[in-house]
Amino acid sequence: MSALLEIRNLSATFATRRGIVSALSNIDLSLAPGEILALVGESGAGKSLASSCINGLLPRNCRISEGEVLLEGQRIDNLSNKQMEKIRGAQIGTIFQDPLTSLNPLYTVCQQITRTLRAHRYISDADAQKRALELLEEVGIPGAAQRLHAYPHEFSGGMRQRVVIAMALALRPKLIIADEPTTALDVSIQAQILELLRRLSKDHGASVILVTHDMGVVAETADRVAVLYAGRIAETGPVADVLLRPAHPYTQGLLGSIPSMERKLARLPQIPGSMPGLTAIPQGCAFNPRCPRTADVCRQVRPEAHLAGARRVFCHFAEELAS
Amino acid sequence: MSDATSPRRGPAAALSRFFDGDLWYNFRTSPLAVIAAIIFFGLSLAAIFAQFVAPHNPFLAPDLMDGMMPPMWESGGSQTFLLGTDDQGRDVLSLILHGMQVSLFVGLAAVLLSVVLGVTLGLIAGFFGGVVDAVIMRIADIQLSFPNILVALLIDGMVSASFGRATQAALALPVLVLAIGLSDWVQYARTVRASTLVERRREYVQAARIMHIPSVIILFRHILPNIMGPVVVIGTLGLAHAIIAEATLSFLGVGLPPTQPSLGTLIRTGNDYLFSGEWWMTVFPAVTLVLLSLSVNVFGDWLRDALNPRIGK
Amino acid sequence: MTQADPVPTGFDLQASGLRKTYDLAPGPGRPKGQQVHAVRDVSLTLRPGRTTALVGESGCGKSTIAKMLVGLESISGGAVRLDGGPLDSQAARKKAWDAKRRIQMVFQDPYASLNPRWRVSRIIAEALAASGLRGGAAIKARTLEILSQVGLPEVAADKFPHEFSGGQRQRISIARALACEPQFLICDEPTSALDVSVQAQILNLLKDLQDRHALAYLLITHDLSVVHHMADHVGVMYLGMLVEDRSAADLFSQPLHPYTQTLLETIPRADQPGREPPRLSGEVPNPLNPPSGCPFHPRCAAANDRCRAEQPQAIAVSGGTVSCHAVEEGRL
């Protein structure tokens, strides 16, 4: 099966007044059609930036310094803004964390969806409206026909996120990027939205890149996961493998620090220190100052990928830790 | 935060922090702001040290024989009087420098007055709300429905009516400051009130209230420092406004007496000779006024953008 | 809350029948005099060394309760008592504060809860001075002591809040609260703005401090795994009401209210990849227009006509109470 999306050796830098700093470093990822890949990490890990490299919505002072992004074998990282605009929407749909900022408060839901449709396709207004209604029904908005002409503020947070998903789906993109789609929502609503994402991916064969900080969300939604730390991949592989048998010390620490619903511990295992800033990424393995297993080699040599079945683990002691 | 970097304290450290900070970087990289600042500070320095910089002393008895001399590059001009002389033989350049001193003083003092008044009333209105808020803001609304210049004229008129024209000349300067200052406090009060309404809901204010910190302390130690950004911006723009207001009032004849040079009085006296050909007496003070207020305005505009986090950098 | 264990009464913070009602300004389509009931008849007790948790979704009224307990919101009904004495006015609160019976609070947003223009030393010193400590040297020494208690180095004292990460700011926030030597600490979503590895550090810190100072915690959160880790007693809130109010051991081993059950089932579990969680249909109703009867009935699978008509009363069950007709009638 050929990959829908391939990211090869991607690095990105920020231009700051203190000079160029590396924000993403040598990221390799691929995504099969219909697959849900989670990019997980703590704030500052570069997970949102990695997704921006795909849809071309990079911050102004950021640029891709190395590597390439291929969508169905075509390079998209070197396209102009205008060409990228065509690809966004038509081939890549994006769902952001806060549904309020991605909806225009001055237009009805119907107007916003039909505008997206008509910007990319020749389609009559009546047909576009019909399509908008279908989309709203598809994302599970109750009474969609009556609410077609409602304004965003008339919807609750969960319903708004459904509208945003409907807009992202409008042109049947092959790839959906969901950047923290449920972080602003309550647990019970979160479950509904995640279920919707899973169902849409299955029904339409769309691939999803799910950016999140929540390992629980990863566990319930994704097929594969890439754990990011300080702009680098720490570990990637099938969700069940990574979550149940983490091989990278960072993944182990991260999973260990989640309060368990099974056992009640007196103290939570914690990773000492905090994630380094972009200007202070340590030599060698970026995780070495916080790692319990650190050795001299970790302070000097950046670890290569250790392959173990479908997994890649960027740790000098991957084999030892996995067993 | 790394433990190795030692904390910096004291005025020297504060200064180095400033030159390290985003504001200074932003300033350095905006040529327009730098030019405006250079012009403004150049003019200000010349005005402050007018006594030493000015080639002549316009307050000494002038020689009427030197009257109405054009600028040095015109025929009939003299190298002694760079920008020419006025009807009484006073050096125009020296008059401008001394006039600017007065104009700047009036401007700064008026801004200071309206800042103190506006910020205090705005803080009180925003923090306590209710009746206090309603009364203060209605007064502000009423004042806003009159043009500022009218308010200033009114105050000036009331003072001269109660003290008489003679004392008015002596009182001219403070009255002018009062008139401009009192007519301009409303925008500070409004801005500060709005910021205070936002700030008092912030959690650090709530934390202070839980600890039973007195309201006055919360108001002036916690909230005030956090709302000074917009005040500084309006204050800068207000300075330009106050300088122009001084010129306008003096030009209209209700400001400073003609014997005291300010940019406004110079333009006024010079204006009488504009059509008889002695243009330099009014054009040079006018150009100075434009330069001064323009540079302050450009600097203020930059400052407003630089302090606004919502405008991308 | 009815707690079975024998703790001497008197040294506690007790809320009984707490209510909060907001009058709505009349507007288009809204008649005059309409009210929202943000909190309806909630009772709870905070005891030394124990953690009580309030859990619920956004808008359920849990943060309003926190604000009423510390006096940031007025109380519409019911009472808050400290050691048996009512805290019904700011004067009564000040008196209790001066008598060193203190309630402190840790806020959710570690960015907004510290004055951005004050150095850490000044933030802590203000709290120390407000607690009656006098003298520059004494305050300085105590500041360093407290900073080390919350795991911050001495140099932190001379820095500004923006120089710290989110987790470190939350430590500063906790240090400020500790400086007042409170007996009661209200933690309003103390870790929901933090990353999970930082959350572990802060939760461990809160536990250590509780052991050390016998603090009584009220932990307000939407995260049941945090509640499971921290709490001795749990109140589950829905639309301003306590629907289940029981000891943590009982609640987590055998949740009774259908809402509690669904909440527990819908938490995404990192340790069970690939699990298909049951989903809770519908959304939290608008508090402006609450459903009749049991507030949860539109989303409840076990709802019958009685649930739609009659508001359930709290009934005693093992470890506390639950408000549900279905449980009472044995339908569940």
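The legends below describe close-up views of chains A, B and C in a predicted model.

**View 1. The eight-stranded open sheet of chain A.** The strands of this open sheet follow the order β6-β7-β8-β3-β9-β10-β12-β11 in chain A, and their pairing is mixed. At the edges stand β6 and β11 (306-308) of chain A, each of which pairs on one side only. Averaged over the sheet and with direction ignored, neighbouring strands are turned by 20° against each other.

**View 2. Strand β7 of chain A and its surroundings.** Strand β7 (residues 175-179) of chain A has five of its five residues buried, and it is therefore largely enclosed by the rest of the structure. The side chains alternate in direction, with A:Leu175, A:Ile177 and A:Asp179 pointing one way from β7(A) while A:Ile176 and A:Ala178 point the other way, and all of them are buried. One partner of this strand is β6 (residues 92-95) of chain A, which pairs with β7(A) in the parallel sense over four bridges; within this pairing, A:Ile92 is found opposite A:Leu175 of β7(A). Another partner is β8 (residues 207-212) of chain A, where the pairing with β7(A) is again in the parallel sense and extends over five bridges.

**View 3. The β-α-β unit formed by β7, α8 and β8 of chain A.** Helix α8 (residues 187-204) of chain A joins with β7(A) and β8(A) in a β-α-β unit that is right-handed. Two positions can be used to follow the register of the strands: A:Leu175 stands opposite A:Ser207 in β8(A), and A:Ala178 has A:Leu210 as its bridge partner in β8(A).

**View 4. A:Ala305 in a loop of chain A.** The residue shown, A:Ala305, belongs to the loop between α12 (296-300) and β11 of chain A. Its relative accessibility is 33%, so A:Ala305 counts as partly exposed. When residues up to four places away in sequence are not counted, A:Ala305 touches A:Arg312, A:Val313 and A:Phe314. For orientation relative to View 3, the C-alpha atoms of A:Ala305 and A:Leu210 are separated by 23 Å, and these two residues are 95 residues apart along the chain.

**View 5. Packing of helices α9 and α10 in chain B.** The secondary structure of chain B consists of 13 helices and zero strands, and 45% of its 313 residues count as buried. Among contacts in this chain between residues at least 6 apart in sequence, 70% join residues at least 24 apart. The pair shown consists of helix α9 (residues 203-210) and helix α10 (residues 215-226) of chain B, which pack at an angle of about 170° with their axes 11 Å apart. At that angle, α9(B) is roughly antiparallel to α10(B). On the α9(B) side the residues in contact are B:Tyr204, B:Val205, B:Ala208 and B:Arg209, and they meet B:Ile218, B:His222, B:Ile223 and B:Asn226 in α10(B). Sorted by class, the contact of α9(B) with α10(B) has five nonpolar residues, two polar residues and one charged residue.

**View 6. The four-stranded open sheet of chain C and helix α1.** In this open sheet the four strands of chain C are ordered β2-β1-β4-β5, with antiparallel pairing. Because β2 (35-46) and β5 (85-86) of chain C stand at the edges and each has a single partner strand, one side of each is left without a neighbour in the sheet. Strand β1 (residues 13-23) of chain C is joined to β2(C) by eight bridges, and the two run antiparallel; in this pairing C:Asp23 is placed opposite C:Gln35 of β2(C). Helix α1 (residues 62-70) of chain C packs on the sheet and touches β1, β2 and β4 (77-82) of chain C, its direction making about 115° with that of β1(C).

**View 7. Strand β8 of chain C between two parallel partners.** Strand β8 (residues 216-221) of chain C is mostly covered, with six of its six residues buried. On one side lie C:Ala216, C:Leu218 and C:Ile220, on the other C:Tyr217, C:Leu219 and C:Thr221, and all of these are buried, which leaves both faces of β8(C) covered. Strand β3 (residues 51-55) of chain C runs parallel to β8(C) and is joined to it by five bridges, with C:Ala53 having C:Leu219 as its bridge partner. Strand β7 (residues 184-188) of chain C also runs parallel to β8(C), joined by five bridges, and here C:Phe184 has C:Ala216 as its bridge partner. Together with helix α6 (residues 196-213) of chain C, β7(C) and β8(C) make a right-handed β-α-β unit.

Definitions and conventions: Residues numbered from 1 in each chain as written. Chains lettered and ligands numbered in written order. Predicted model: local features only at pLDDT ≥ 70, side-chain atom pairs only at ≥ 80, totals over all residues. Heavy atoms only, no water. Buried < 20%, exposed > 50% of the residue type's maximum accessible area, 1.4 Å probe, protein only. Pairing = 2+ DSSP bridges. Right-handed = clockwise from strand over helix to strand, strands pointing away. Axes fitted to C-alpha atoms, helices over the stretch in contact; angles between N-to-C directions. Parallel < 35°, antiparallel > 145°, perpendicular 65-115°, else oblique. Contact = heavy atoms within 4.5 Å. Nonpolar A, V, L, I, M, F, W, Y, C, P; charged D, E, K, R; others polar.
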